[in-house]
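Welcome! Please take a moment to look over the chain below, and then let us walk through it together.

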Amino acid sequence: STQYPIVNTMTSFRATAIAILLSYSASFSHGFSSCPVASRSAVTSSSALSMESNNDRRTFLTESVLTLTAGLTAATLNPTPASARVFLDPAMYGDQELRVSAVDSLRESVRRALLQKPTLTPYFLEMALLDSLSFDVETNGGGPDGSIIKAVMTSKDTDAHTKALQECATVLIDAKKNLKKLSSITIADAVALAGAEAVNAVGGPILPTQLGRTEAAAKAPIPASMPPLNLFTGDVDNEIVADTFRTAGLTEREMTALLGCLLGVDSIEKATPEGSWKESSKPKFREAGKIGRMSDFKKLTDEDIEAELAKDGVDDDEESYTVSGDDGWYIADTFGTADTRFGKSLNKEKPELSTTLKNLAKTSSSSTQYSWVSGFLLSKDLPTAQSWVVKYGSKPLLYEKDLKVAYNAVTQLGAEYTGGKYESLLKNKKRKTLNDDELEFLR
């Protein structure tokens with residue numbers, strides 16, 4: 001049945017061709033033929049009808065081609081704006097061991113860079129925030145796809161702030177290249193993980209970070225919604241800072257938690273005395289492989305013992321089972337403790353980030369480069385932020401909980417889940433903000 005249209009078409013083409021040949025023959029032999037005029041008129045009419053049919057077919061094909069060409073040209077000259085999206089596939093790294101290996105290797109690289117140059121600590125967090133704040137909740141464009149790396153590395157600015165950001169970007173680029181030899185990690189995930197590691201390096205909590213972000217294409221332009229690189233330097237008007245957080249869909253509560261963390265990380269780093277990052281915190285009484293001798297140590301006298309007991313407030317007749325003070329004792333652990341398995345902390349103590357918000361009014365430019373945050377969060381234009389500064393400063397547990405939720409949320413802005421069960425469960429699901437929190441007992 002499918003052959004009939006083809007046969008009919010071929011037949012019509014053949015008939016048309018024969019008619020044309022006949023008309024040409026009739027025209028050619030018009031002066032030599034003795035046939036009547038009526039016959040010649042009939043042939044001429046048949047030829048005219050055939051030519052008209054052929055012209056109609058050619059006209060239709062020509063107009064179709066022109067229409068198609070015009071449409072393609074219009075589409076090329078007037079392309080529809082592409083909506084940049086961040087796709088998030090939690091199962092991207094496959095096997096759990098490979099995922100853990102990639103994450104641990106990256107965190108170790110960041111920690112090593114921070115130990116070598118502690119002043120880079122807040123800049124890793126800055127990059128993570130800038131990358132996430134490129135999301136525009138109205139257009140659903142931008143988001144944490146690693147575009148901040150291109151924005152930083154292509155910047156023509158030569159100020160100290162930009163150079164510090166470029167150093168951090170170089171650390172992540174090198175870490176990604178080294179990981180290719182064993183496993184792999186996207187630069188978007190590397191930016192988010194580095195920001196979390198910077199907080200943990202100064203004694204802050206371990207911030208949860210979802211993995212599986214797709215990174216921007218190599219030739220993709222920097223999103224127009226990318227915030228200025230100097231957003232957190234104090235050189236940008238406070239209204240622009242607040243508007244950047246609002247445009248990304250963040251609440252004042254989340255903004256307070258994140259800016260308080262940035263201020264706290266830098267304040268702790270500035271207050272930490274410099275030291276050798278290679279120096280081990282383990283007690284070392286003798287070189288490895290050598291046997292200790294009693295003659296190498298000073299013999300304690302009764303006066304020495306009494307002096308030590310007096311320091312602890314213990315008399316000779318009393319017994320004490322409490323050891324006061326911290327001499328940096330080390331409990332042996334094959335793989336290191338939870339706080340030092342990626343490298344030792346930048347400070348020996350474990351300060352609370354909420355202390356910075358508690359003393360926010362006393363913040364000065366000599367203690368941190370983010371002193372502008374104090375005037376910003378305590379501004380009369382942000383009454384909600386003021387109330388949360390007071391709550392966070394008086395309730396460290398509440399602040400730590402909110403900071404974890406806020407960081408996990410900001411590093412997933414605009415992300416669309418894809419891949420199997422994650423897509424069916426989480427796709428198009430509205431993001432929960434801190435204002436949707438149901439843990440009222442912590443407030």
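**A helix on the inside**

Let us begin with α4, where T121, P122, Y123, F124, L125, E126, M127, A128, L129, L130, D131 and S132 are buried. That makes twelve of its twelve residues, so α4 is largely enclosed by the rest of the structure. What does the covering of α4's buried residues include? Among the elements that cover them are α3 (96-116), α5 (147-153), α6 (160-179), α7, α9 and α14. Please keep in mind throughout that this is a predicted model.

With that helix in view, we can step back to the whole chain. The protein chain contains 15 helices and two strands. Its length is 443 residues, and 37% of them count as buried. If you take the contacts between residues at least 6 apart in sequence, 78% of them join residues at least 24 apart. On the outside, the chain exposes about 27,100 Å², of which carbon and sulfur atoms supply 56%.

Now return to the surroundings of α4 and look at helix α7, where you will find A194. Is A194 buried or exposed? Its relative accessible area is 0%, so A194 is buried. Setting aside the neighbours within four places in sequence, A194 is in contact with V110, F124 and L172. F124 is one of the buried residues of α4 that we met above. Another residue of that list, A128, lies 66 residues from A194 in sequence, while the two C-alpha atoms are 7.5 Å apart in space.

A128 also leads us to some empty space. Rolling a probe the size of a water molecule over the atoms shows where empty space is left. In this structure there is one cavity of 30 Å³ or more, and the largest cavity holds about 30 Å³ of space. Which residues line the largest cavity? They are A128, D131, S132, P144, A188, V191, A192 and T411. Both α4 (121-132) and α7 (187-201) supply at least two residues each to this lining. By character, the lining consists of five nonpolar residues, two polar ones and one charged one.

Our next stop is α14, one of the helices that cover α4. This helix runs over residues 396-410, which makes 15 residues, and spans 21 Å from its first C-alpha to its last, close to the 21 Å expected at 1.5 Å a residue. The buried residues in α14 are L398, Y399, K401, D402, L403, A406, Y407, A409 and V410. As you trace them, a general point may help: an α-helix has 3.6 residues a turn, so residues three or four places apart point the same way. The cover over the buried residues of α14 includes α4, α7, α9, α11 (354-358) and α13 (383-394).

Finally, let us visit two loops. The loop between α4 and α5 holds N140, whose phi is near 60°, a positive value in a residue other than glycine. N140 has a relative accessible area of 21%, and because buried means under 20%, N140 counts as partly exposed. The other loop, between α8 (238-247) and α9 (252-271), is the place of T251. With a relative accessible area of 16%, T251 is buried. Not counting residues up to four places away in sequence, T251 touches T433 and N435.

Note on methods: Residues numbered from 1 in each chain as written. Predicted model: local features only at pLDDT ≥ 70, side-chain atom pairs only at ≥ 80, totals over all residues. Heavy atoms only, no water. Helix = DSSP H or I, 4+ residues; strand = E, 2+ residues; numbered from the N terminus. Buried < 20%, exposed > 50% of the residue type's maximum accessible area, 1.4 Å probe, protein only. Contact = heavy atoms within 4.5 Å. Areas by Shrake-Rupley, 256 points an atom, 1.4 Å probe, with all protein chains shown as cover. 1 Å grid on protein atoms, 1.4 Å probe; cavity = no way out; pocket = protein on both sides within 12 Å on 5 of 7 lines; lining within 4 Å. Points joined across faces, edges and corners; volume = space filled by probe spheres on them. Nonpolar A, V, L, I, M, F, W, Y, C, P; charged D, E, K, R; others polar. Expected span 1.5 Å × (residues − 1).
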